[in-house]
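Visitor: Please take me through this model, and justify each structural term as it arises.

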Amino acid sequence: MAIRTLCLIAAVILGCSTGQVVYRSKGFKDNFVFEFDEICKEMDCNNAQYNYHRNSCQGPHHWSQVTPCWSKCSSFHQSPVNILTNSALYRPLGNLQFSNVCERVGINLTHKGHTPHFYVRENSSVILRNVPHKSEHCYVFRDIHVHLGRTEGRGSEHAFDGAFSPMEVHLVFMNTKYSSIREAKRYLGGLAVIGVMVEIEKKKRKSNSGTRGGRRPKRSISCGNTDVCRVKRARRLSFLIEKYYKKIELEPWRTRIGKKEKVKIDVSEDISLDDILPYDLSYFTYHGSLTAPPCYETVQWIMMRCPIRVSGEAFEAFGNVPDSEGYPLRKYGIRRPLQRGIVGHPKVTVERNFRCGSTGNMRNVCNRRG
Ligand SMILES: [Zn+2]
């Protein structure tokens, strides 16, 4: 907030001159012209702020310039990427292996103004093994969060053959070599993130479709063909988003050490991977980065071929969550633009663990009533 205020004041004082950048934003009321270097740089990394406003000096196109610690944000192995499914290389990587996939774990909800995170409480015994190219390592389940966009059909961060989904869930796993995500994200192989595309249920089924939003990859000719997918209805995830994201509005922002603020909410229910993962564990994988500052290139991305589906109520509740300035998240979206796999950007090598046209690698489904 302080930096943005400073931006506005300095912009008025400085006026126009050569080499300046013009920013036009509805949020700023008027057109401001200001020196990027002088206004938006924050030398203290701990105080640096970022946002998803495309026309802001703290927006995604400028993250690498905001503070020296975020220089990676303009590097060559950045995420998200557009996955060209027919160009992905088949490798016999095998299936992901989970321990305690049915075990429901306790979570807390934390919102720092970008996207709310369900953090898994300590002592999780939910373990992921056989991460591509990291098969000797174990990863523990730590975090669930979701991305969405300004428009319903373009909310995922990744794309398959140029097609986006309304939302994208990220399941973050931490290498057990490390004691915290904060530590793990600094090291190559420190994190493995499973990305799942999310469709939205229709409120009332009027036609044979059953979903809305998003544009699926072209069928039949595409290795990203999702016609073969039996789409999972993620009822519990929908319920938790509906119930707890709505509560964020009612909670005051709490100042913590430094200038940043967050909302923390205790969650009385628990959740398991079984509640979120697609039935089919076919995936695309590549080496990439965090999709938010500091953009460390330490993530093994595992993008599931098949989507899941959440309720329209959950989608609405998510879009209404306020950011730290009070704007609903849907105003600017919570998704970083594509960094690779499109014309004019660095290339990305993507692999897959399934053969095109196969019905995939179906997982066991947990046997429970709830
Ligand atoms: Zn994410």
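The dialogue below sets computed values against the criteria behind the terms.

Visitor: What kind of model is this, and how many helices and strands does the chain have?

Guide: The model is predicted. Its secondary structure comes to 6 helices and 20 strands. Of the 370 residues of the chain, 44% count as buried. Among contacts between residues at least 6 apart in sequence, 70% join residues at least 24 apart.

Visitor: Why are α5 and α6 called roughly parallel to each other?

Guide: The axes of helix α5 (residues 235-248) and helix α6 (residues 312-320) cross at roughly 30° and come within 8 Å. Angles under 35 degrees count as roughly parallel; α5 and α6 are therefore roughly parallel to each other. As for handedness, α5 passes α6 in a left-handed crossing.

Visitor: Which residues make the contact of α5 and α6?

Guide: From α5 come Ser238, Ile241, Glu242, Tyr245 and Lys246, and from α6 come Glu313, Ala314, Ala317 and Phe318. By class, this contact of α5 with α6 has 5 nonpolar, 1 polar and 3 charged residues.

Visitor: What general property of an α-helix concerns residues three or four places apart?

Guide: An α-helix has 3.6 residues a turn, so residues three or four places apart point the same way.

Visitor: Which residues of α6 are buried, and what do they pack against?

Guide: Ala314, Phe315, Ala317, Phe318 and Gly319 are buried in α6. The buried residues of α6 pack against α5 and against strands β9, β11, β12 and β19 (308-310).

Visitor: What makes strand β11 mostly covered?

Guide: In β11 (residues 167-175), 9 of its 9 residues are buried. For each of them, the count of other C-beta atoms within 10 Å must be 20 or more to earn that word.

Visitor: How do you know that β11 pairs with β9 and with β12?

Guide: Two strands pair if at least two bridges are found between them. Strand β9 (residues 139-148) and β11 pair over 9 bridges, in the antiparallel sense, and His145 has His170 in β11 as its bridge partner. The pairing of β11 with strand β12 (residues 191-201) is also antiparallel, over 8 bridges; there Glu168 stands opposite Met197 in β12.

Visitor: Why is Glu261 called partly exposed?

Guide: Glu261, in strand β16 (residues 261-271), has 15 other C-beta atoms within 10 Å. A count of 20 or more means buried and 12 or fewer means exposed, with partly exposed in between; Glu261 is therefore partly exposed. The C-alpha atoms of Glu261 and His111 are separated by 8.7 Å, although these residues are 150 apart along the chain.

Visitor: What makes the backbone at Asn100 and at Cys295 notable?

Guide: Asn100 has a positive phi of about 60° although it is not a glycine. Phi of Cys295 is near 60°, again a positive value in a residue other than glycine. Asn100 is in the loop between β5 (97-99) and β6 (105-111), and Cys295 is in the loop between β17 and β18.

Visitor: Are Asn100 and Cys295 buried or partly exposed, and why?

Guide: Asn100 has 15 other C-beta atoms within 10 Å and is therefore partly exposed. Cys295 has 26 within that radius and is therefore buried, the threshold for this being 20 or more.

Visitor: Where are the cis peptide bonds at Pro80 and Pro294, and what is omega at each?

Guide: One joins Ser79 and Pro80, with omega about 5°; Pro80 is in the loop between α3 (63-66) and β3 (82-83). Another joins Pro293 and Pro294, with omega about 10°; Pro294 is in the loop between β17 (283-288) and β18 (299-304).

Terms used
Residues numbered from 1 in each chain as written. Predicted model: local features only at pLDDT ≥ 70, side-chain atom pairs only at ≥ 80, totals over all residues. Axes fitted to C-alpha atoms, helices over the stretch in contact; angles between N-to-C directions. Helix = DSSP H or I, 4+ residues; strand = E, 2+ residues; numbered from the N terminus. Parallel < 35°, antiparallel > 145°, perpendicular 65-115°, else oblique. Left-handed = near helix turned anticlockwise from the far one by under 90°. Contact = placed C-beta atoms within 7 Å. Nonpolar A, V, L, I, M, F, W, Y, C, P; charged D, E, K, R; others polar.
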